[in-house]
Amino acid sequence: MKEYTTKTPKETMATGESIAKNLHGGNIVLLKGDLGAGKTTLVKGIATGLGIEDTITSPTFSLMNMYEVPPNKQGGIQHVVHIDTYRLESAQELLDIGIEDYLGVKNTVCIIEWPEKIQSLLHDRKKIEVDLTHTDEGRSIHVR
Ligand SMILES: Nc1ncnc2c1ncn2[C@@H]1O[C@H](COP(=O)(O)OP(=O)(O)OP(=O)(O)O)[C@@H](O)[C@H]1O
Ligand SMILES: [Mg+2]
C-alpha cells in the first residue's frame, strides 16, 4: 500500500508518473473516486511516465481510448487502454467493442475509471487498485 497527497493537478500527474514506474504489461489498474477526484489527471501522468506523448482525453463518450507506448519501454508494455465506464449501461457494451482483446493481455496496460460498473469482467483478475479522494488540501491517493 502506498499513499500520496497531492495539492495540485500537477502533483496528481507526478503521482501518475511514479505509479507508472511499477507497471508491467498485463496490469489492470482500477481508478476509484468521485466525480472530479482526479482519475483522468492521474491517467495523464501514467501515460507520461510510460513515454506516451499523445494528448490524453477522457474516454467518457468513446468508452475506450488506446495509446501506443514507444518501443523498448518497461515490462513489455506496447499499448495503454484507457476506459471510462461512466456512461456505460452494461459490461456487454465493452465486450462488444473488444475489451477482452486487451484486458490482462501481456503487452497491454488497462486503466479503468469507474470499475465498479464492470465487476463481472474484473472479479477473477489480479488488479492494482487506486482510490482517489478529495481532501481539504487537494487529493489523497492510495495504491494497493
Ligand atoms: N491535487 C489536486 N488539487 C486540486 N485539483 C486537482 C488535483 N488533482 C486533480 N485536480 C483537478 O481536478 C479536476 C478533475 O480532475 P479529473 O478530470 O482528472 O477527475 P476525474 O476523476 O477523471 O473526473 P470524472 O469523474 O468526471 O471522470 C481537474 O480540473 C484536475 O485538474
Ligand atoms: Mg475522468
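This tour moves from a metal site to the ligand beside it in the list, then to a helix and a loop proline. The model is predicted.

**The magnesium ion**

Begin by selecting ligand 2, the magnesium ion, together with Thr40 and Glu113. The ion is coordinated by OG1 of Thr40 and by OE of Glu113, at 2.1 to 2.3 Å. These two residues bring together distant parts of the chain: Thr40 belongs to helix H2 (residues 39–49) and Glu113 to strand S5 (residues 108–113), with their positions 73 residues apart in sequence. Are Thr40 and Glu113 buried or exposed? Both Thr40 and Glu113 are buried.

**Ligand 1 and its shell**

Next, select ligand 1 and display the residues around it. The shell numbers 17 residues, and the closest are Thr6, Thr12, Lys39, Thr40 and Thr41. Sorted by class, this shell holds 8 polar, 5 charged and 4 nonpolar residues.

Three polar contacts may be inspected in turn:

- At Thr41, a polar side-chain atom lies 2.5 Å from an oxygen atom of ligand 1.
- At Glu113, a side-chain N or O atom is 3.2 Å from an oxygen atom of ligand 1.
- At Thr8, a polar backbone atom is 3.3 Å from a nitrogen atom of ligand 1.

Switch now to a surface view. On its own, ligand 1 has 640 Å² of accessible area, and the protein covers 70% of that. Helix H1 (9–20) and H2 are the elements that each give two or more residues to the shell. The largest share comes from H2, with 3 residues.

**Helix H2**

Select H2 itself. Which of its residues are buried? They are Lys39, Thr40, Leu42, Val43, Gly45, Ile46 and Ala47. To see what covers these buried residues, add the neighbouring elements to the display; the cover includes H1, strand S2 (28–32), strand S4 (79–84), S5, strand S6 (128–134) and strand S7 (139–143). After H2, stop at Gly51, where phi is positive, near 90°.

**Pro59**

Continue along the chain to Pro59, which is located in the loop between H2 and strand S3 (64–68). Its relative accessible area is 0%, so Pro59 counts as buried. To view its surroundings, select Met64, Asn65, His82, Ile83 and Asp84, which Pro59 touches when residues up to four places away in sequence are not counted. Finish with a distance from Pro59 to Asp84: C-alpha to C-alpha, the two are 5.6 Å apart in space, although 25 residues separate them in sequence.

Definitions and conventions: Residues are numbered from 1 along each chain as its sequence is written. Chains are lettered from A and ligands numbered from 1 in the order in which they are written. This is a predicted model: local features need pLDDT of at least 70, side-chain atom pairs count only at pLDDT 80 or more; totals for chains, interfaces and linings use all residues. Side-chain values use heavy atoms; hydrogens and water are left out. Donors are N, O and S atoms within 2.8 Å of the metal (3.2 Å for Na, K and Ca); water is not among the atoms, so sites may look incomplete. Helices (H or I, at least four residues) and strands (E, at least two) are DSSP runs, numbered from the N terminus. Buried means under 20% relative accessible area, exposed over 50%, partly exposed in between (1.4 Å probe, protein chains only). A residue is near a molecule or strand if one of its heavy atoms lies within 4 Å of it. A polar contact is a pair of N or O atoms within 3.5 Å; within protein, one must be able to donate a hydrogen and the other to accept it, and residues adjacent in sequence count only if both atoms are side-chain atoms. Accessible areas come from the Shrake-Rupley method with a 1.4 Å probe; for residues, only the protein chains shown count as cover. Ala, Val, Leu, Ile, Met, Phe, Trp, Tyr, Cys and Pro count as nonpolar, Asp, Glu, Lys and Arg as charged, and the others, Gly among them, as polar. Contact means heavy atoms within 4.5 Å.
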